[in-house]
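Please open the structure in your viewer and keep the selection tool at hand. The tour below goes from stop to stop, saying what to select and what is there.

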Amino acid sequence: MKKVLLSTLIASTLGMAAGSAFAADQVDLRMSWWGGNGRHQVTLKAVEEFQKQHPNIKVKSEYTGWDGHLSRLTTQIAGGTEPDVMQTNWNWLPIFSKTGTGFYDLNTVKGDLDLTQFDPKELQSTTVDGKLNGIPISVTARVFYFNDETWKKAGIAYPKTWEELMAAGKTFESKLGKQYFPVVLEHQDTLALLRSYMVQKYNIPEIDTTKKQFGYSKEQWVEFFGMYKKLIDSHVMPDTKYYASFGKSNMYEMKPWIEGEWAGTYMWNSTINKYSDNLKPPAKLELGSYPMLPGATDAGLFFKPAQMFSISKTTKHPKEAAMLINFLLNEKAGVEALGLERGVPLSKAAVTQLTTDGVIKDSDPSVAGLKLAQSLPNKLATSPYFDDPQIVSLFGTSLQYIDYGQKTVEETAAEFERQGNRILKRAMR
């Protein structure tokens, strides 16, 4: 009887020890990202595959649309409750990690995250004071895409110059009707396009980092906003007043876009497929040329990391968080699940895999757009401060002043320069 009790006690003790060891191995991670339903579905599939390969790691997915994501993450980071792994934006680095300590330094987990798959130059773009704050998933630039069916109806070729772009607006209006426009741009797209024009013409940076203020003169700001007024007056794109009349949904979900009345866009190559997918068949988006001023030596492209994956500086599981990022960006199952949803990958392993699978092909609008952007001269890098959410918001308000007749171009330019310089001084101090 004693032997039975003793053997039972030993077995029970061993079982408890084994259970404790198993419990100790269990890791719970949280991961957040923003995007549309397509991105949500492929990322959830990739996370599911990761959990199959690592049954001791459970990943809680926290995903939203774009609206409100930054404010939510800001609250979480301020309270130290942010997820272990986060999809982040390049222009958030000055907000959350001005000295490089806002996120976990990924250089310290390179045993679990293969950094050799990425060009050191690309990693440098997301490094702050020697600390790697995020892995750039892909790079992206805004280029022109056009609805092939609507442009056929207009009977003109895609514009190759600024003059042809301006002229297309009146052709659309006269041949197709007032509700038809060559392109549609949201205010952040317009900001990037006007910067491109100014860089081509003046070849100077938009922000003077030494003086911590804008680099344009008062006269140049008037020209900047005057160019916007020309685009509107030439019927190239709808103004903010007309655009707002269709509600607050995503532009690619609005009826004029789906029906082809808004016949093109100036958009990130990494996200263009969701715009193309929503067009009424048989319409599709085709890549256009990039307009250049005569003698311009720089296209003024807004070229940046499309998104990054970052790890929380307060995570309790940096190793497992790094393993998750590595799986998504470098490993076969993760790479195949994500495909081109976040743009053409920077990871060499991912490019090889997706090329072999026939996913990366020149006919894809996102691939073609990236190749065009890479072929253009682009020496003046855009400052992340010019993409600061407050600057972008102020610009949106400025366009409304013009479109609603509340301020002249000159008054708007002066107000934007004054308020914008205040924002820059606070952000760059």
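Begin by selecting His 317, which is found in the loop between strand 11 (303–311) and helix 13 (318–330). Keep in mind at this stop, and at those that follow, that the model is a predicted one. Is His 317 buried, partly exposed or exposed? Its relative accessibility is 22%, and because buried means under 20% and exposed over 50%, His 317 counts as partly exposed.

Now add Val 27 to the selection: although 290 residues separate His 317 from Val 27 in sequence, their C-alpha atoms are 7.5 Å apart in space. Show Asp 28 and Leu 29 as well, since His 317 is in contact with Val 27, Asp 28 and Leu 29 when its neighbours within four places in sequence are left aside.

Next, select residues 187–202, which form helix 8. The 16 residues of this helix should span 22 Å at 1.5 Å a residue, and its end C-alpha atoms are indeed 22 Å apart, so the expected and the modelled spans agree. Because 12 of those 16 residues are buried, helix 8 is largely enclosed by the rest of the structure; among the buried ones are Asp 189, Arg 195 and Gln 200, along with Leu 191, Leu 194 and Met 198. To see what the buried residues of helix 8 pack against, display strand 6 (135–147), helix 7 (162–176), helix 9 (218–233), strand 9 (264–268) and helix 17 (389–403). Just after helix 8, pause at Asn 203, which takes a positive phi of about 55°.

From here, move to Phe 224, which, not counting residues up to four places away in sequence, touches Leu 191, Leu 194, Arg 195, Met 198, Tyr 216 and Phe 395. Phe 224 belongs to the largest nonpolar core, a set of 76 residues in which Trp 221, Phe 224, Phe 225 and Trp 257 touch the most other members. Apart from this core lies another, of 41 residues, and Val 27, Val 59, Leu 338 and Leu 354 are among its members. In soluble globular proteins, nonpolar side chains tend to be buried together.

Finally, clear the selection and view the whole chain, which has 18 helices and 11 strands and whose C-alpha trace spans about 100 × 50 × 40 Å along its principal axes. Of its 429 residues, 54% are buried, and among contacts between residues at least 6 apart in sequence, 74% join residues at least 24 apart.

Technical notes
Residues are numbered from 1 along each chain as its sequence is written. This is a predicted model: local features need pLDDT of at least 70, side-chain atom pairs count only at pLDDT 80 or more; totals for chains, interfaces and linings use all residues. Side-chain values use heavy atoms; hydrogens and water are left out. A nonpolar core is a set of buried Ala, Val, Leu, Ile, Met, Phe, Trp, Tyr and Cys residues joined through side-chain atoms within 4.5 Å. Buried means under 20% relative accessible area, exposed over 50%, partly exposed in between (1.4 Å probe, protein chains only). Contact means heavy atoms within 4.5 Å. Helices (H or I, at least four residues) and strands (E, at least two) are DSSP runs, numbered from the N terminus. The expected span of a helix is 1.5 Å times one less than its number of residues.
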